[in-house]
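Biologist: I would like to learn how to read a structure feature by feature. Please take me through one.

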Amino acid sequence: MVRLGPIRRGASVLTYWDLKHRLTDAINAHDLQGVLDCYSPDAVYVAPSGVAEGHEQIAWLYEQFFRGFPDFHGTAWFEIADCDNPAVTEWTYTGTHTGPFLLPNGQEIQGTGRRITIRATCAAHAENGKIVTHREYFDQLELYSQLGFGLEKLEPGSTADGGGEDLTSSAPNGDDDLTSKSGHPQLRSDAVRHHRPLGIFGRR
């Protein structure tokens with residue numbers, strides 16, 4: 001792992017990075033309570049598909065990866081130590097898809113046995129020893145293509161949920177039915193605010 005800038009520049013640097021490292025350890029241990037202990041009760045988590053607000057929604061978001069990829073693991077290979085707050089990290093996430101996982105159209109795909117390796121980066125801003133905002137960036141197409149899915153062409157005026165061919169109409173491993181509808185908490189997203197049916201990890 002490469003660190004840019006001095007590792008230790010005062011107590012504030014150690015506090016922010018220690019918090020980020022505790023979060024990393026909890027994620028890799030799939031310790032959901034340990035993960036939530038790193039966030040303030042009203043923390044905001046910005047993901048590629050939308051926004052999770054508060055512990056309930058943040059917990060649900062992490063649970064999707066913990067359930068879908070029981071060996072999910074994040075490896076931090078670059079930390080901008082010269083910027084302590086927000087703490088910025090580049091990651092490689094790996095895992096094996098053996099459990100249920102939500103697709104963008106709200107359906108739940110069952111385990112395919114496929115391995116994933118995705119690149120990501122995040123910025124976590126902390127106050128009073130807790131993360132208050134967390135912005136996570138990764139390429140959703142990189143993730144879903146490794147699960148066997150690709151892009152589909154939508155007809156003019158249609159949406160990814162209501163028009164065009166169903167993303168899950170054919171399973172990536174040849175099975176007839178890998179998907180099912182799954183409930184999840186109310187999550188805010190730009191898609192919802194713009195009256196489109198898709199939001200965070202299948203929110204409609």
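Modeller: What follows goes from the whole chain to strands, a helix, aromatic rings and backbone angles. Keep in mind that this is a predicted model.

Biologist: Which helices and strands should I expect, in number, and how much of the chain is buried?

Modeller: The chain has five helices and 10 strands. Of its 204 residues, 46% count as buried. The exposed surface comes to about 10,000 Å², and carbon and sulfur atoms supply 52% of that area. Contacts are also worth a look: among those between residues at least 6 apart in sequence, 62% join residues at least 24 apart.

Biologist: How do I read strand pairing, and which strands does S2 pair with?

Modeller: Look at the direction of the two strands and count the bridges. Strand S2 (residues 39-47) pairs with strand S3 (residues 50-53) in the antiparallel sense, over four bridges. One of the partnerships is Val 44 with Glu 53. S2 and S3 form a hairpin with two residues between them. S2 is also joined by four bridges to strand S9 (residues 130-138), and these two run parallel. There, Tyr 45 has His 134 as its bridge partner.

Biologist: In what sense does S9 pair with S8, parallel or antiparallel?

Modeller: Strand S8 (residues 115-127) and S9 are antiparallel, with eight bridges. His 125 is the bridge partner of Thr 133 in S9. S8 and S9 form a hairpin too, with two residues between them.

Biologist: How do I check a helix, and what is the span of H3?

Modeller: Compare the distance between its ends with the span expected from its number of residues. Helix H3 (residues 54-68) has 15 residues and at 1.5 Å a residue should span 21 Å; its end C-alpha atoms are 22 Å apart, so the two values agree. The helix is mostly covered, with 11 of its 15 residues buried. Among them are Ile 58, Trp 60, Leu 61, Tyr 62, Phe 65 and Phe 66.

Biologist: How many disulfides are there, and are the cysteines Cys 38 and Cys 122 buried or exposed?

Modeller: The count is zero disulfides. Cys 38 is buried because its relative accessibility is 4%, under the 20% cut-off. Cys 122, at 2%, is buried as well.

Biologist: What describes a pair of aromatic rings?

Modeller: A pair is described by the distance of the centres and the angle of the planes. In this model the count comes to 13 aromatic pairs. Tyr 39 and Tyr 62 make a tilted pair, 6.3 Å centre to centre with 55° between the planes. This pair links distant parts of the chain, since Tyr 39 is in strand S2 and Tyr 62 is in helix H3, 23 residues apart. Tyr 39 has a relative accessible area of 1% and is therefore buried. Tyr 62 is buried too, at 6%. Another pair is Phe 72 with Tyr 93: the centres are 5.3 Å apart and the planes are at 35°, so this pair is tilted. Phe 72 lies in the loop between H3 and strand S4 (73-79), and Tyr 93 lies in strand S5 (residues 87-96), so the pair ties together parts that are 21 residues apart in sequence. Both Phe 72 and Tyr 93 are buried.

Biologist: Which residues do ring pairs link into a cluster?

Modeller: The cluster consists of Phe 65, Phe 69, Phe 72, Trp 91, Tyr 93, Phe 101, Phe 138 and Tyr 144.

Biologist: What does Asp 71 touch?

Modeller: Asp 71 lies in the loop between H3 and S4 and is partly exposed, at 35% relative accessibility. Leaving out residues up to four places away in sequence, Asp 71 touches His 30, Thr 94, Gly 95, Thr 96 and Arg 115. The C-alpha atoms of Asp 71 and Ala 29 are separated by 9.3 Å, although these residues are 42 residues apart along the chain.

Biologist: Why look at the sign of phi?

Modeller: Most residues other than glycine have a negative phi, so a positive value is worth noting. His 30 has a phi near 55°. This residue is in the loop between helix H1 (11-28) and helix H2 (32-36), and is partly exposed at 23% relative accessibility. Asn 128 also has a positive phi, near 55°. Asn 128 sits in the loop between S8 and S9, and is exposed, with a relative accessible area of 81%.

Note on methods:
Residues numbered from 1 in each chain as written. Predicted model: local features only at pLDDT ≥ 70, side-chain atom pairs only at ≥ 80, totals over all residues. Heavy atoms only, no water. Disulfide = S-S within 2.5 Å. Buried < 20%, exposed > 50% of the residue type's maximum accessible area, 1.4 Å probe, protein only. Expected span 1.5 Å × (residues − 1). Contact = heavy atoms within 4.5 Å. Areas by Shrake-Rupley, 256 points an atom, 1.4 Å probe, with all protein chains shown as cover. Pairing = 2+ DSSP bridges. Phe/Tyr/Trp six-rings, centres within 6.5 Å; stacked < 30°, edge-to-face > 60°.
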